[in-house]
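Please open the structure in your viewer and keep the selection tool at hand. The tour below moves from stop to stop, saying what to select and what is to be found there.

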Amino acid sequence: NLDWDLRTDLPGASSTDRSFRIDYVNNCFLKDGARFRYISGSIHYFRVPPAYWKDRLLKMYMSGLNAVQIYVPWNYHEPQPGVYNFSGDRDLEKFLNLVAELDLLVILRPGPYICAEWEMGGLPSWLLTKPDIALRTTDSDYLQAVDRWLGVLLPKIKPHLYHNGGNIISVQVENEYGSYYACDYNYMRHLLGVFRASLGEEVVLFTTDGTSASELKCGTLQGLYATVDFGPEENVTEAFMLQRLYEPKGPLVNSEYYTGWLDYWGEAHSTKSAKKVANSLQKILEMGANVNMYMFQGGTNFGYWSGADYKDGYKPITTSYDYDAPLSEAGDPTDKLYIIRSVISKFQELPAGPMPPPTPKFAYGYVSVPQVSESWNGIAVDTSCGFCSAFQAHGFMLYRTLLPQEIVESALLSASGNGVHDLAYVLLNGEYQGTLERDRVNGINISGQLGDTLDLVVESMGRINFGANDSDFKGLIHNITLGTSILSDWIIYPLDIDTAVAHAWPPTAQSSSGHRGPAFYTGTFTTPGISEDSYLKLPGWTKGQVWINGFNLGRFWPVRGPQQTLYVPGSFLSGSAINTLVVLELQEAPDNPKVLFVSRPLLNVTYNYTHKDRK
């Protein structure tokens, strides 16, 4: 039964009862005893600078939303086992309080797995230090870590539940579990028990899965309200009919209605027609269903936080998480937002007043970055452990050995079994030789002398965040061979670049031009007394990472595309002091190393792979 009763009041409803629950008789939610339908949008506090949290939330409120949906990434808050961070840009409770100040409700999705196109789907990579761990199952090592984490997180959430005076109306348990191979009902039962024990019996707990029989079969569990997710391409009535197979009564809910889609390096920028998104949204609302738009604002995968998919090969996700969402990566209203707002206005009254304007943008122009340093001194930590399981969560590792024999004619240096995760920049006595790339370039030819130093700078491009392949170990995971010989006696150096850059590294070095191979370029610039948003373009550069004033903006890869600019929030800049820019170029820098600050993003340019790109 997909019919909707438009009455707002029900017999026996009490406005003094602060509660949020499911009415299985009238197929709706009840908020304070009255019929309630939420129109929500997803926003990720971990993809938006804290200085802009209020701006984004206010725009969501003025769009007519009455709720926001929020993921909590475990790995963002527990970077090391037992070490927790809920301060600064990780201040979840501050964000929840700000949402409440703007009179918005919250649908919380605390995982422990969240997907979200985020590094390892939000699971901390240190779980993989136990190489045989079975993630998202009743594996004892995994559950022990989960229980400890939830024992910290859920008590922070409890005071924010709606019936406790907060604004969280429902909480998701796990995430799209039906898409995972394990189908471990005991795991889901365990999580249900933990959530109930910590949050109580009154809170609405739910699951979210796609609209296929297999996904709903393995993702749902008695005691958890089953919801679905689908985009404008699907038939709305048929999609909700699948929800009804598992929830014959209760409210219709689309927990992820896709307003856009993610981007992969090397593929075109994804878009969804605003008209199609609006038309399907109207159908959802006409059926009386509850809906959360994913995403309403996407934001940015700063640093190393972007995840990856595995679809006929490894597919890393771009730094930009613009998502073609109603609010752009910079939080600006788009045409799609105004069309969606118009649809919402047909079903509920919009807040009075204008939509907040876009944040100001400024083209600061060219900035030279002439200083170059090729040294890893000061950032390489000697593990002295040979080819061992030296662990680093993100970024780069340096693998070093000596050539075991003279190679007069070039021999093939290769990673057996696709053993580079994910790129390895090869240097011989400091000279760049080429790049090995997972699922693309498995070998290059080199020649050298006995005892020459062979370095492989190995870059993680993000752990797989969806499906069965999220046990995604990084670094060199199989033997490296040179000709017919297996190379051994490796020394592994974790490279803590972010800490070094935050402490004014690299040191001043000589100017250079046209350099090939990994090197750091530094420069400074001032702004004309302002600190407005901008976009960083890297004309002539190949691939690497950028820091501004010690903050890691993320990866750039203009030769692969589609993303050509990095979003630079104005809150990261100083209008009164000198700003410092550090560029790590991994393959080949332009002859005249400089970057360009522009006032508009460029997210949709792809190129055919060139020889230079593949070396």
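Begin by selecting glutamate 176 together with the residues it touches, which, apart from those up to four places away in sequence, are Arg136, Thr208, Asp209, Asp229, Glu256, Tyr258 and Phe466. Bear in mind throughout that what is on the screen is a predicted model. Glutamate 176 sits in the loop between β7 and α5, and its relative accessible area of 10% makes it a buried residue.

From there, move to glutamate 256, which belongs to strand β10, residues 253–258, and which is likewise counted as buried, at 4% relative accessibility. If its neighbours within four places in sequence are left aside, glutamate 256 is in contact with Tyr71, Arg109, Asn175, Glu176, Val228, Asp229, Phe230, Asn292 and Tyr294. Why show these two glutamates together? An unreviewed UniProt entry lists Glu176 and Glu256 under "active site". They are spread over 81 residues of sequence, yet they cluster in space, with a largest C-alpha distance of 10.6 Å.

**The disulfide**

Next, select cysteine 183 and cysteine 218, whose sulfur atoms lie 2.0 Å apart and form a disulfide; a search of the whole structure finds 1 such bond. The pair ties together parts that are 35 residues apart in sequence, because cysteine 183 lies in the loop between β7 (168–172) and α5 (185–199) while cysteine 218 lies in helix α6, residues 213–219. If you look along the bond itself, the torsion about S-S is about -90°, so the disulfide is left-handed. Cysteine 183 is partly exposed, at 21% relative accessibility, whereas cysteine 218 is buried, at 15%.

Now add cysteine 115 to the selection. How far is its sulfur from the closest cysteine sulfur? The distance is 17 Å, to the sulfur of cysteine 218, which is too far for a bond. Cysteine 115 is buried, with 4% relative accessibility, and cysteine 28, which you may also select, is buried at 1%.

**Helix α3**

Select residues 92–101 to bring up helix α3, in which Leu92, Phe95, Leu96, Leu98 and Val99 are buried. Turn the view until you look down the axis of α3: its buried residues fall within an arc of 160°, so they line one face of the helix. On the face turned away from that buried side you will find the exposed residues Lys94 and Glu101. To see what covers the buried residues of α3, display a set of elements including β4 (39–43), α1 (53–62), β5 (67–71), β6 (105–109), α4 (140–157) and β7. Following the chain past α3 brings you to aspartate 103, whose phi is positive, near 60°.

**An open sheet**

For the last stop, display the five strands that form an open sheet in the order β15-β27-β32-β29-β30, with antiparallel pairing. Which strands are at the edges? They are β15 (371–373) and β30 (551–556), each of which pairs on one side only. From one strand to the next, the twist averages 20°. Then narrow the view to β29, residues 544–548, and β30, which run antiparallel and are joined by 5 bridges. Within this pair of strands, select tryptophan 547 and look across to asparagine 552 in β30, which stands opposite.

Definitions and conventions. Residues numbered from 1 in each chain as written. Predicted model: local features only at pLDDT ≥ 70, side-chain atom pairs only at ≥ 80, totals over all residues. Heavy atoms only, no water. Disulfide = S-S within 2.5 Å. Helix = DSSP H or I, 4+ residues; strand = E, 2+ residues; numbered from the N terminus. Buried < 20%, exposed > 50% of the residue type's maximum accessible area, 1.4 Å probe, protein only. Arc of directions from axis to C-beta. Contact = heavy atoms within 4.5 Å. Pairing = 2+ DSSP bridges. Axes fitted to C-alpha atoms, helices over the stretch in contact; angles between N-to-C directions. UniProt positions renumbered as here; feature names shortened; annotations may be inferred.
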